[in-house]
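Student: I'm new to this structure, and I'd like a close look at one part of it. Could you walk me through a single helix and then show me a little of what else is there?

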Amino acid sequence: MLLSFLLLILSLIAIVVAILVIPFLRRHIFSNLIMRIFRKILPQISQTEQEALDAGTVWWEGDLFSGKPDWHKLLAYPKPVLSPEEKAFLEGPVEHLCAMLDEWHITHERYDLPPQAWQFIKDNGFFGLIIPKEYGGYGFSALAHSEVVMKISSRSNTAAITVMVPNSLGPAELLLHYGTEEQKNHYLPRLAKGLEVPCFALTGPEAGSDAGSIPDLGIVCRGEYNGQQDVLGMRVTWEKRYITLGPVATILGLAFKLRDPDRLLGDEEDLGITLALIPTNTPGVNIGRRHFPLNGAFQNGPNSGKDVFIPMDWVIGGREGVGSGWRMLMNCLAAGRSISLPATSTGAAKLAARTSGAYGRVRVQFKIPIGFFEGVEEALARIAGNTYMMDAARVMTAGAVDLGEKPSVISAIVKYHLTERSRQAINDAMDVLGGKGICMGPGNYLARTYQQTPIGITVEGANILTRNMIIFGQGAIRGHPYALQEINAANDQDKKRASIAFDQALMGHIAFGIRNVFRSFFFGLTSRYIKEIPEGVLSDTVDYYRQLTRFSAAFALVTDIAMLKLGGSLKRKERLSARLGDILSMLYLCSATLKRFEDDGRPVSDLPLLHWSIQDALYRIQQAFDEFLRNFSGHFLMRGLMRFLIFPLGKRYSLPADELSHRVARLILEPGEVRNRLTAGIYIPTADNEPLVVLEQALECAIACEAIEAKLRSAAKAGQLVARNEEIITEALERGILLQEEAVLLEKMKLLRRQVIMVDDFPPDFGKTAKATS
């Protein structure tokens, strides 16, 4: 009896092993069944969604999804550097342009860039940064593009937006990748020389974040153009808004849906989203009035047209480009979104760090600099730590573009997180400045940036949409090592090929899942045995690589469980998707921060910034996991098991300690190499009357005077001085408590401190005269 039972068990095991080991049996008994179930739970994906998923390339996010990131590979990527020509452009034309700009004059008086600035931008090729040299442009790297925009944005948001739009998602980039040779040869040299001012019109009243549903329509037909009859083209009707440079553009890039009811181009009637270049002086094109976004003076406005006839060769890519517009846009956005908004956001954060740190040391309350108060230190530490991580992500992502990547998921990560961290940095800086920050005028160096921060939050994919639907929603399919293979196999109409491909992907996926179960659990118990650590890194950073590896494995595990349990409904569970996206994003930002530290030569003086930013991110990862598990719709046993595998010893991460925040804050409260390195690349004016110049002078003077002021306070406390306020320096000098040079320095400090803390004021009828004459 026992022998029979053992033989039965062995037979069953043999059958199971045979099914799993022999591909033919496994496919027909197991994999094909799973594929049928998989097809049922797959979410419905529209054509525009599919093209968005197919856009761009997978880069480092693929390693983070793998649960086993290759840190050696990351650190082996070359450090992004500027060429001598790019450095010369930054130190020459960009420096000159910044010196010409006065943001108060631009935004309060002119409501536009001054004519000389416009002409300088055109004459010096600022619209042709990305256009290759053979077409008259500079052919600059993505890093140089980023550096140019970042520097200008630290001086004037109006000028930065004016420069960045033609070099981001606009006609130039679309032409470079998809234009016909005739289109390239005609337009690119004119754009590079500033003879054309471009804009691109995608957003309309009825299609914002859901740009794929644009109602704007073109009908293929024959018509008259330039005196010729029977020209093949289309009549286009559209209404767009929020179009940057639209009011001054000479060439309009337009997205619309194209239909061919008379089948002039082929058998299909609905041809899809199409892009065309239309000169704005074309009859029927209506350039509307201007928008006024949050006191931003950059040119922005609506445009429209009704039954405007355009020839077929105005379609980007010519006839071959018909219906390919959404693919074109998604591929260009994957790269363009990686550069401009991260650059402007980082420029704002660097400006906040440099100015709030200086102000915190110069401004004195209760006889000590306000930057020494713990509450202010907390804000300063956030500003500095966020800026360090933001700049790291900006540079690494630009470097990826220069390596030939079009990182669609990563571009969404940096767009969302850098604009949000910039908002945090500006808010913190405004809190530090207090009344100095809220009073508008020529002397206020932060208020316009504060006002206009929401603009970056809303454009190129509104942040709520980006966080809740794009980062993980797109990343889970593109970055996961097996999900896309399974989806493609399930959608394959060739049954035999689909069966083989799905079986291979499924077996890999199962092994992948089992591996991450064990890695997540054992690494949660102890990370000492994680071996994937790059050689030669500082002992201070080794544990960060281990913890990120551990969380990568846990992220891969949770992603698999979420997709298995929720299937297509995960697409609608936006808050769960957002939390998983937050984990992926923090893993990427930490990766960039560690790479920055290595690329900079491991400066020990930067370690407080590194520690603060990564510890803050690890805590956010922990909290995102916790919130995901608390809200996951599975059975409580499933949630409990997932929590046990991820946090077998409980939640052990906390926000950076007060002592670390203290050290980080001190780094921007005084001049030095760390402060300069942290804020490198922003515009520092040189004219004596510039508010930032006065602030820098006051900072140096305040530090030089601290020992002298302490001497005065001690003397007063000891009863050696009876005078107060203005007379105390004179009395101290007369009594020999101060030397002459010390007294002179204190008088200089008083003058500079007053200049720094004073705000602009205006006559009682301020603003009324302008309104009366407008």
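Student: How many of the 28 residues of α22 are buried?

Tutor: Happy to help! Of the 28 residues of α22, 21 are buried, so this helix is largely enclosed by the rest of the structure. Buried means under 20% relative accessible area, with a 1.4 Å probe and protein chains only. Before going on, note that this is a predicted model, where local features need pLDDT of at least 70 and side-chain atom pairs count only at pLDDT 80 or more, while totals for chains, interfaces and linings use all residues. Residues are numbered from 1 along each chain as its sequence is written, and side-chain values use heavy atoms, without hydrogens and water.

Helix α22 covers residues 539-566 (a helix is a DSSP run of H or I with at least four residues, numbered from the N terminus). Its end C-alpha atoms lie 41 Å apart, which agrees with the 40 Å that its 28 residues should span at 1.5 Å a residue (1.5 Å times one less than the number of residues).

Now look for P80, in the loop between α5 (71-76) and α6 (84-100). With 17% relative accessibility, P80 counts as buried. Beyond its neighbours within four places in sequence, P80 is in contact (heavy atoms within 4.5 Å) with L143, V395, G399 and D599. V756 sits 676 residues from P80 along the chain, and 37 Å separates their C-alpha atoms.

Two cysteines are worth finding as well. C98 is buried at 0% relative accessibility, and C199 is buried at 1%. The structure holds zero disulfides, meaning pairs of cysteine sulfur atoms within 2.5 Å.

Technical notes:
Helices (H or I, at least four residues) and strands (E, at least two) are DSSP runs, numbered from the N terminus. Buried means under 20% relative accessible area, exposed over 50%, partly exposed in between (1.4 Å probe, protein chains only).
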